[in-house]
Amino acid sequence: MTSAMLPPAASGGPVDDTAVDDRELLSAKIGGGSFWGGVFRRLRHNPSAWIGAIIIGLFLLVALLAPLLAPYGPTELPGQRYITPTHIPGPGEIEGFPLGLDRFGGDVLSKLIWGAQASLLIGVVSTAIGLLGGLILGFLCGMFGGWVDTLIMRIVDIMLSIPSLLLAVSIAALLGQTQLSVMIAIGVAQVPIFARLLRASMLQQRNADYVLSAQTLGLGRGTITMSHVLPNSVGPVIVQGTLSLATAVIEAAALSYLGLGGGLPQTAEWGRMLTYAQLELAVAPWLAFLPGICITITALGFTLLGEALREAMDPRTRRR
């Protein structure tokens with residue numbers, strides 16, 4: 001390629017975001033690569049992505065293999081005979097219970113393993129609900145605009161004016177104390193985030209040169225939106241979905257801590273373990289520390305991977 005064919009940036013001129021995107025797309029085509037290929041290549045060279053992926057991978061393995069890894073079932077209480085009013089056996093005190101027992105006589109190790117499965121289920125389902133609802137609303141706004149956009153965005157603004165956790169608590173309290181209620185509550189609280197993100201991305205793409213070219217060729221608005229605008233707008237939404245998984249895990253634990261998760265007191269779920277551990281902090285602090293550490297590490301893994309993915313997909317913040 002000669003110097004006359006290079007974009008303005010090659011000669012030291014001003015650079016805008018559109019020019020950056022065009023140059024990177026052009027270089028990908030010349031090198032035989034693709035946008036997603038470049039994203040994965042940058043992720044492979046990002047230490048944060050590796051750390052997040054390892055944490056998430058271990059979390060997924062533990063959750064999926066819980067029936068094989070857990071010594072006892074999620075509601076079994078094999079250590080009831082060791083519990084006294086004044087003493088709860090801690091880690092290493094009794095053979096066969098490496099992380100000790102809880103106040104009900106349940107094996108803490110088994111409950112942490114089964115709790116990973118519960119947290120994974122709640123996080124994935126609630127994020128899927130929020131993602132689906134947000135995609136529908138954001139698509140309608142970006143597709144039709146006008147009064148449809150105005151009406152939906154005013155509803156979204158009202159939802160955003162309420163703190164997400166408070167909104168989730170209100171919905172869960174109305175629907176009842178069940179795990180399904182927690183999933184729906186967290187999912188609904190995430191809908192406005194995805195909706196605004198997709199709408200903004202679609203509005204930005206609608207002004208791109210390729211859209212104007214497609215309109216010149218006589219393509220209809222529906223064809224342009226479905227074939228070009230929407231596929232090029234979902235990248236930021238995918239990144240937000242990864243980050244929202246971390247939020248969903250934390251909010252699920254918070255709702256269970258508040259007693260809105262349903263189930264029996266001995267149910268294996270990290271937030272519920274924290275609920276009943278607060279009564280034993282003076283004599284058995286590990287009952288709170290262990291599930292708290294699991295929640296923190298899991299949320300950290302999703303956050304690291306989500307931030308690395310955002311960085312890899314954003315041309316303004318990509319590492320070279």
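This is a guided tour of a predicted model, moving from the whole chain to a few places worth selecting in turn.

**Before selecting anything**

Residues are numbered from 1 along each chain as its sequence is written, and side-chain values use heavy atoms, with hydrogens and water left out. Because the model is predicted, local features need pLDDT of at least 70 and side-chain atom pairs count only at pLDDT 80 or more, whereas totals for chains, interfaces and linings use all residues.

**The whole chain**

Start with the chain as a cartoon: there are 13 helices and zero strands, where helices (H or I, at least four residues) and strands (E, at least two) are DSSP runs numbered from the N terminus. Of the 320 residues, 42% count as buried, a term that means under 20% relative accessible area, with exposed meaning over 50% and partly exposed in between (1.4 Å probe, protein chains only). Among the contacts with a separation of 6 or more, 71% are made by residues 24 or more positions apart, a contact being heavy atoms within 4.5 Å.

**Helix α12 and its surroundings**

Next select residues 270-277, which form helix α12; six of its eight residues are buried, so this helix is largely enclosed by the rest of the structure. The buried ones are Trp270, Gly271, Arg272, Met273, Thr275 and Ala277, and they pack against α3 (47-64), α5 (108-144), α11 and α13 (286-313). Add Glu269 to the selection to see the N-terminal cap of α12, where a side-chain oxygen of Glu269 lies 3.0 Å from the backbone nitrogen of Gly271.

**The aromatic rings**

Now show the aromatic side chains. Rings of Phe, Tyr and Trp (its six-membered ring) pair if their centres lie within 6.5 Å; planes under 30 degrees apart count as stacked, over 60 as edge-to-face and the rest as tilted. By this rule the count comes to five aromatic pairs. One of them joins Phe59 and Phe302, whose ring centres are 6.1 Å apart and whose planes stand at 85 degrees, so the pair is edge-to-face. Since Phe59 lies in helix α3 and Phe302 in helix α13, the pair ties together parts that are 243 residues apart in sequence. Phe59 is buried at a relative accessible area of 7%, and Phe302 is buried too, at 6% relative accessibility.

A second pair to select is Tyr72 with Phe97, which is stacked, at 5.8 Å centre to centre and with 15 degrees between the planes. Tyr72 and Phe97 both lie in the loop between α4 (66-69) and α5, so this pair ties together parts that are 25 residues apart in sequence. Tyr72 counts as partly exposed at 25% relative accessibility, whereas Phe97 counts as buried at 5%.

Return to α12 by way of Trp270, because ring pairs link Phe59, Trp270 and Phe302 into a cluster.

**Thr242 in α11**

From Phe302, step across to Thr242, which is placed in helix α11 (residues 235-257). Thr242 is buried, with a relative accessible area of 15%. Leaving aside neighbours within four places in sequence, Thr242 is in contact with Phe302, Leu305, Gly306 and Leu309.

**Two helix crossings**

Two packed helices are described by the angle between their axes and the distance between the axes. Here the axes are lines fitted to C-alpha atoms, for helices over the stretch in contact, and angles run from 0 to 180 degrees between N-to-C directions.

Select α5 together with helix α10 (residues 221-229): their axes come within 10 Å and cross at roughly 135 degrees. The two are therefore oblique to each other, given that angles under 35 degrees count as roughly parallel, over 145 as roughly antiparallel, 65 to 115 as roughly perpendicular and the rest as oblique. The contact is made by Phe139, Met143 and Phe144 of α5 and by Arg221, Gly222, Thr225 and Met226 of α10.

Then select helix α6 (residues 146-160) and helix α8 (residues 179-206), which pack at about 135 degrees with their axes 9 Å apart, and this makes α6 oblique to α8. Residues in the contact include Met153, Val156 and Leu160 of α6 and Val188, Pro192 and Ile193 of α8.

**Last stop: Gly145**

Finish at Gly145, in the loop between α5 and α6, which counts as buried at 11% relative accessibility. Draw a distance from Gly145 to Leu203: the two are 58 residues apart in sequence and 9.2 Å apart in space, C-alpha to C-alpha.

Note on methods
Polar contact = N/O pair within 3.5 Å; in protein donor to acceptor, adjacent residues only side chain to side chain.
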